[in-house]
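Let's take a relaxed walk through one protein model and the DNA beside it. Have a look at the picture first, then read on.

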Amino acid sequence: MSSDRPAIVWFRQDLRVDDHPALDAAAANGRAVQPVFILDDSADGAWSAGGAARWWLHHSLAALQQQLAKLGAPLLLRRGAAAEALVDLAKEIGAGSVHCSMRFEPAGTAQEQRVRTALAAAGVSFAAHAGALLHDPLILRTGTGVPYKVYTPFAKALRMQVSIAEPLPAPRSLHGLAKGAADCGLESLELLPRIDWAGTMRQWWTPGERGAQERLAAFVAGPLRDYGDARDYPAMNGCSSLSPHIHWGELSPRRVWCDVSRSGAGKTPGASKFLAEILWREFAAHVLANFPATESRPLRAEFAKFPWQPSKDHLRAWQRGRTGYPIVDAGMRQLWATGWMHNRVRMIVASFLVKHMLQPWQDGARWFWDTLCDADLASNTLGWQWSAGCGADAAPYFRIFNPILQGEKFDPSGAFVRKWVPELAKVPSEFIHQPWQAPPMVLASSGVVLGETYPHPIVEHSAARDRALAALQKVSGAKSSASL
DNA sequence: TTTTGAGTTGTTCGA
DNA sequence: GTCGAACAACTCAAA
């Protein structure tokens, strides 16, 4: 009988034991379970995890190893194509079934399909469970039966039609196998950078389920109430900083949803704003699952005609935080140092790259992918297309962030800039977001020499704005002439 | 089928 | 300094 045979739990982006339907199903009726994680870089193609994400993955796996060992079913690590690795493992231990959590990115679903086929051929049953999202992204449809392309009606439909079930409790113990199968060892996955640049990341983050739960609890008890306003100020601890934990599945969205909505602050405007962000994550998954080509191409086809002006130098200046616009540079350096960037600043730097510098949004998306520890294909794609104006629910053409004004509004004292652009630390607040406007005496006494200690602005704001508006007009102009 | 209202996160200009 | 209007026209979603 197959229920006597052990079950494999194939961990992917669900590095937790709490609210884990696949683990729960595998371990049902006290069945023996063999957890495994398989590093399968080829499966993700162009989107295999970047350096910061791999760093995160390493530590998250270390935490999961400890956790599962304690529960009685140690995690096995393997490397290679998931389909073959799972078939091999099933044969080694005589497993009758494999359970995993579904992923919805194009590469994730393709990988799942290969696994399904290979396991079927080997006579092993396979079950892919929900768990990564609140709701299957392929189900919700508009009245005319097509996927949503606008957030608000999507969120409304989800709230109306989907009831969010109770999270499953973490298992108290698991029944592991008496004889362990061969493990390749965490170090041999080579997830850590060769040069140890991750020192700053270690200070900021505690990957793993426990770190995730602690951060969630602290957020719910503290900043949640004022999230709506405070989240916009990058120098404050007003946002949740849960994104990498959620991306790696250390927290289930269902757990986050329930803990937030049932907390003391659950009915506050802050909480409803935060829950709306969780629904944005669902929306991003919905758009990518239904329009998989958007991972590399604009959803609005007419944007193929956008007159981008690719420049290696400009792209590099942006990446390194040397554009001469302090709020942009601070954000880019925060990203480089911590593997994360504040949400408000993500919008500012994205708008700057795409509109002020006319660099293709794909280049920005790629850099974010390579440097963010929370890099998520659906959210990253949606965000960049939104910024570029070529995606679902796009920003209106005239929404071009003014990096000076945004700095003055959301970092009024310049604390965020001072932290990440230390060469400007002594510039008075009045000029911190536009040091080129400071009188020479002020610059001198702040120790700033423009062009030497800190760059001149790479483009002039109002000229760049006009240029972007003209470029956007080309897109709509090209379209109306085509339709004549 | 047609119509209608709305569309995460903004900026600038002129009164 | 503050405030409201203008900024393309289009697409989406629902009635």
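## Where the DNA sits

The surface near DNA strand C is made of nine nonpolar, four polar and one charged residues. (Ala, Val, Leu, Ile, Met, Phe, Trp, Tyr, Cys and Pro count as nonpolar, Asp, Glu, Lys and Arg as charged, and the others, Gly among them, as polar.) Of the 14 residues around this strand, the ones that come nearest are Thr142, Tyr148, Pro153, Tyr397 and Ser476; "near" here asks for a C-beta atom, placed from the backbone, within 6 Å of the strand. H5 and H20 each give at least two residues to this surface, and H20 has the largest share, with three residues.

What about DNA strand B? It has 18 residues around it, and Tyr151, Thr152, Asp393, Phe398 and Asn402 come nearest. By class they split into ten nonpolar, four polar and four charged. Helix H5 (151–161), H11, helix H17 (403–410) and helix H20 (461–482) each supply at least two of them.

## A word on the model

This is a predicted model, where local features need pLDDT of at least 70 and side-chain atom pairs count only at pLDDT 80 or more, while totals for chains, interfaces and linings use all residues. Residues are numbered from 1 along each chain as its sequence is written, and chains are lettered from A and ligands numbered from 1 in the order in which they are written.

## The whole chain

Chain A has 20 helices and five strands. Both are DSSP runs numbered from the N terminus: helices are H or I with at least four residues, strands are E with at least two. The radius of gyration of chain A is 24 Å, close to the 23 Å from the globule rule for 484 residues, so the chain is as compact as a globular protein of that length. (The radius is taken over C-alpha atoms, and the rule is 2.2 Å times the number of residues to the power 0.38.) Along the principal axes, the C-alpha atoms fill a box of roughly 80 × 60 × 45 Å.

Of the 484 residues, 45% count as buried. A residue is buried if 20 or more other C-beta atoms lie within 10 Å of its own, exposed if 12 or fewer, and partly exposed in between, with C-beta atoms placed from the backbone. Among contacts in chain A with a separation of 6 or more, 77% link residues 24 or more positions apart; a contact means two C-beta atoms, placed from the backbone, within 7 Å.

## Three domains

The domain assignment splits chain A into domain 1 (2–131), domain 2 (133–166 + 208–290) and domain 3 (301–478); such bounds come from an automatic or database assignment. The C-alpha centres of domain 1 and domain 3 are 39 Å apart. Eight residues from domain 1 and nine residues from domain 3 make up their contact. On the domain 1 side, five of these residues are nonpolar, two polar and one charged.

## Two helices to look at

Helix H16 (residues 377–388) has twelve residues and reaches 16 Å from first C-alpha to last, close to the 16 Å expected at 1.5 Å a residue. (The expected span is 1.5 Å times one less than the number of residues.) How much of H16 is buried? Twelve of its twelve residues are, so H16 is largely enclosed by the rest of the structure. Its buried residues, including Trp384 and Trp386, pack against helix H11 (269–290), helix H14 (343–356) and helix H15 (361–371). Just after H16, Gly389 takes a positive phi of about 85°.

Now try H3 (residues 82–93), where the end C-alpha atoms are 16 Å apart, in agreement with the expected 16 Å. Its buried residues are Ala82, Ala83, Ala85, Leu86, Val87, Leu89, Ala90 and Ile93. Their cover includes strand E1 (7–11), strand E2 (33–39), strand E3 (76–79), strand E4 (97–101) and helix H4 (106–121). After H3 comes Gly94, with a positive phi near 65°.

## Residues in loops

Leu134 sits in the loop between strand E5 (125–129) and H5. Leu134 is buried, with 20 other C-beta atoms within 10 Å. Beyond its neighbours within four places in sequence, Leu134 is in contact with Val162, Ile164, Pro253, Arg254, Trp257 and Glu282.

Asn29 lies in the loop between helix H1 (21–26) and E2. Although Asn29 is not a glycine, its phi is positive, about 60°. Is Asn29 buried or exposed? Asn29 is exposed, with 6 other C-beta atoms within 10 Å.

Note on methods. The expected span of a helix is 1.5 Å times one less than its number of residues.
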